[in-house]
Amino acid sequence: MQPSTTGADRYAVIGNPVSHSKSPQIHAAFAAATGQSLEYTAILAPLDEFPQTVTAFRQQGGRGLNITLPFKQVAADICDQLSERVRRAGAVNTISFNNNELYGENTDGVGLLQDLQGNLECEIDGRAVLILGAGGAARGIIDPLFDAQPGQVCIANRSLDKAHLIADAFKDRGHIKVSGYPALAGQGFDIVINATSLSLGNELPPLPAGVFKPGALAYDMMYANQPTCFMDWAMQAGASRTADGLGMLVEQAAEAFYLWRGVRPETPPVQALIRQQLG
Ligand code: ATR
């Protein structure tokens, strides 16, 4: 890790692995578009040296960090202050260094909601939403999802106990129905969000027929340079449209940028740029 040579404010994404991260390109585009002087790099932290890597970055004048896998949970442990959203999600994806204190926030869920409602013009109010998966990715989107007042929220997971834990953790926000995959047959949802890690391995969640209502959106939180296997399957299984998680990635970054810089960047041109770079 080298100190800044330009004198610009320093930010970075920390992960392991991290070389695939699009965050440096996204934040560079935000900085150029808003006239902010900053430097944003990717830092590979050894698996057992996350806290030390954060401390070193801060001592070298770092102003803020994005946190990616596998450090989102441990990041919550090293922060001095956490947002209410992080306390519920149990995961931090953005750290700000404020007056020597580490403030932990999670912008993933807000990013998803911004992509759904802003970019995709998807109505959530009163609609039936199905979330596939009950890991960290699913947990991080529940709180902002309830802000959008869905009519029904259901979590389907292979291990039901993990889905029940999430339903219990958020029960003051609203009722979450828990289901195994086979029991979803014929139930019909307006929005189906794939929050499992399966698309990474080109695999599908074991969904039965009849999960999509007419007009339904199938959203995969993963993204690639072509539609994911979940998106392809969804179109054949009755979804009216699909989207991948690139929009969410750019929107969560915009929220982090706003937190750090107080300036909200335009996201559609940056999403188009990153999509183009994916090839
Ligand atoms: P993340 O933090 O990215 O959400 P995770 O906590 O490992 O990652 O969660 C991965 C999710 O994908 C889980 O919901 C997991 O289901 P289980 O809780 O039953 O393990 C889901 N998943 C992974 N492989 C799966 C498979 N082969 N079939 C169904 N679900 C799977």
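Where does the ligand sit? In this predicted model, the ligand sits in the largest pocket. I'll start with the overall chain, come back to that pocket, and finish with some backbone details.

The fold, then. The chain has 10 helices and 12 strands. Along its principal axes, the C-alpha trace spans about 60 × 40 × 30 Å. The radius of gyration is 19 Å, and a compact globule of 279 residues would have one near 19 Å, so the chain agrees with that expectation.

Now back to the ligand. Which residues are around it? There is a run made up of G133, A134, G135, G136 and A137. Then come N157, R158 and S159, with K162 a little further along the sequence. The list ends with T196, S197 and L198. Sorted by class, that shell has 7 polar residues, 3 nonpolar and 2 charged.

Some of these residues put a polar atom close to an oxygen atom of the ligand, and I'll go through three of them. For S159, an N or O atom in the side chain is 2.5 Å from a ligand oxygen. For R158, a polar side-chain atom lies 2.7 Å from an oxygen atom of the ligand. A137 uses its backbone instead: an N or O atom there lies 3.0 Å from a ligand oxygen. As for cover, the ligand on its own has 640 Å² of accessible area, and the protein covers 71% of that.

Last, the backbone. Most peptide bonds are trans, and most residues other than glycine have a negative phi. Here are some exceptions in this chain.

The peptide bond from N16 to P17 is cis, with omega near 5°. P17 is in the loop between β1, residues 9-15, and α1, residues 23-34.

The bond from L69 to P70 is cis as well, with omega near 5°. P70 is found in the loop that runs between β3 (62-67) and α3 (72-78).

And what is phi of N99? Phi is near 45°, a positive value in a residue other than glycine. N99 is in the loop between β5, at 94-98, and β6, at 101-105.

If you have the structure open, the ligand in the largest pocket is a reasonable place to begin, with S159, R158 and A137 as the contacts to look up. That's all from me.

Technical notes:
Residues numbered from 1 in each chain as written. Predicted model: local features only at pLDDT ≥ 70, side-chain atom pairs only at ≥ 80, totals over all residues. Heavy atoms only, no water. Near = heavy atom within 4 Å. Polar contact = N/O pair within 3.5 Å; in protein donor to acceptor, adjacent residues only side chain to side chain. Areas by Shrake-Rupley, 256 points an atom, 1.4 Å probe, with all protein chains shown as cover. 1 Å grid on protein atoms, 1.4 Å probe; cavity = no way out; pocket = protein on both sides within 12 Å on 5 of 7 lines; lining within 4 Å. Sits in = over half its atoms within 2 Å of the grid points. Nonpolar A, V, L, I, M, F, W, Y, C, P; charged D, E, K, R; others polar. Helix = DSSP H or I, 4+ residues; strand = E, 2+ residues; numbered from the N terminus. Rg over C-alpha atoms; globule rule 2.2 N^0.38 Å.
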